[in-house]
Amino acid sequence: MEESTLETENEIKNEAIPEKETNSQTVSAEKKPTKKQQFLQFLKFTAFSASAGVIQLLTTTTLHQWTGWLLDYYYIAYVIGLTLSVIWNFTFNRKFTFNAANNVPLAMALVVIYNCIIVVPLAVGGDKLVELWGDDLGIVVTIISLLINFITEFFWDKFIVFNQKVTDKILSWFKKNKKAEEPQKPANQENIKVEE
């Protein structure tokens, strides 16, 4: 009886190691997420992005149109609204959509880089559209900006920010550069004694 228990325990110990969970999908060397998993991930991203869009829309519209505080400065209202929505969106998509446990400071830096690239054309372009169409259509300009931002941000987040392979590669670049910058000590420096 003891022998069969030992055999069972050994069989359990010898079973394959469970696959690693990352980016809300089971990842193994060959296994890709199913269509259903990808669709659910997109739905979660859409829901969190929609809530972030509401935050951005309300903030931008409140500052630009409803209060008139930034009536002549749509781009400032847009950047404030965008900043609030990015913080919201990053936090919830990292935790619930992509289940990312990768380097948070690096992931946030990548989000900042994305927004630096996209904010300038959207804010300046949006400002020009508001001048062209009039202040009453500022909300329409914001909705157009939200749609452009939604589409581009999904791909940026999925394939760069919350992709463990990409962030690991970026971190390895930094580690290589850091090692290259460190001054090298001669191998025998520690063994040299000063004679008195």
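How far apart do the axes of helix α2 (residues 35-66) and α3 come, and at what angle do they cross? The legends below take up this pair and its neighbours in a predicted model.

**View 1. Helix α2 against helix α3.** Here is the reply to the opening question: the two axes come within 8 Å, and the crossing angle is roughly 155 degrees. Angles over 145 degrees count as roughly antiparallel, so α2 and α3 are roughly antiparallel to each other. The crossing in which α2 passes α3 is right-handed. As for the residues that make up this contact, 14 are nonpolar, 12 are polar and 1 is charged.

**View 2. Helix α3 against helix α4.** Move along the chain to helix α3 (residues 74-97) and helix α4 (residues 104-133), whose axes lie 10 Å apart and pack at an angle of about 150 degrees. That angle makes α3 roughly antiparallel to α4. Once again you are looking at a right-handed crossing, with α3 passing α4.

**View 3. Side by side: the residues where α3 meets α4.** From α3, look for Tyr74, Tyr75, Tyr78, Val79, Leu82, Val86, Phe90 and Arg94. Their partners in α4 include Val104, Ala107, Met108, Val111 and Asn115, and further along this helix Val119, Leu122, Ala123, Gly126, Asp127 and Val130. Sorted by type, the residues of this contact come out as 15 nonpolar, 2 polar and 2 charged.

**View 4. Asn99 in the loop between α3 and α4.** Zoom in on the connection between these two helices, and you will find Asn99 in the loop. What is its backbone like? The phi angle of Asn99 is near 45 degrees, which is a positive value in a residue other than glycine. Is Asn99 buried, partly exposed or exposed? With a relative accessible area of 39%, Asn99 is partly exposed, as this value falls between the 20% limit for buried and the 50% limit for exposed.

**View 5. Stepping back to the whole chain.** To place the close-ups, note that the protein chain holds 6 helices and 2 strands, arranged along the sequence as α-β-β-α-α-α-α-α. Of its 196 residues, 31% count as buried. The chain exposes about 13,600 Å², and carbon and sulfur atoms supply 64% of that area. Among contacts with a separation of 6 or more, 70% come from residues 24 or more positions apart.

Key:
Residues are numbered from 1 along each chain as its sequence is written. This is a predicted model: local features need pLDDT of at least 70, side-chain atom pairs count only at pLDDT 80 or more; totals for chains, interfaces and linings use all residues. Side-chain values use heavy atoms; hydrogens and water are left out. Helices (H or I, at least four residues) and strands (E, at least two) are DSSP runs, numbered from the N terminus. Buried means under 20% relative accessible area, exposed over 50%, partly exposed in between (1.4 Å probe, protein chains only). Contact means heavy atoms within 4.5 Å. Accessible areas come from the Shrake-Rupley method with a 1.4 Å probe; for residues, only the protein chains shown count as cover. Axes are lines fitted to C-alpha atoms, for helices over the stretch in contact, and angles run from 0 to 180 degrees between N-to-C directions. Angles under 35 degrees count as roughly parallel, over 145 as roughly antiparallel, 65 to 115 as roughly perpendicular and the rest as oblique. A crossing is left-handed if the near helix is turned anticlockwise from the far one by less than a right angle, and right-handed if clockwise. Ala, Val, Leu, Ile, Met, Phe, Trp, Tyr, Cys and Pro count as nonpolar, Asp, Glu, Lys and Arg as charged, and the others, Gly among them, as polar.
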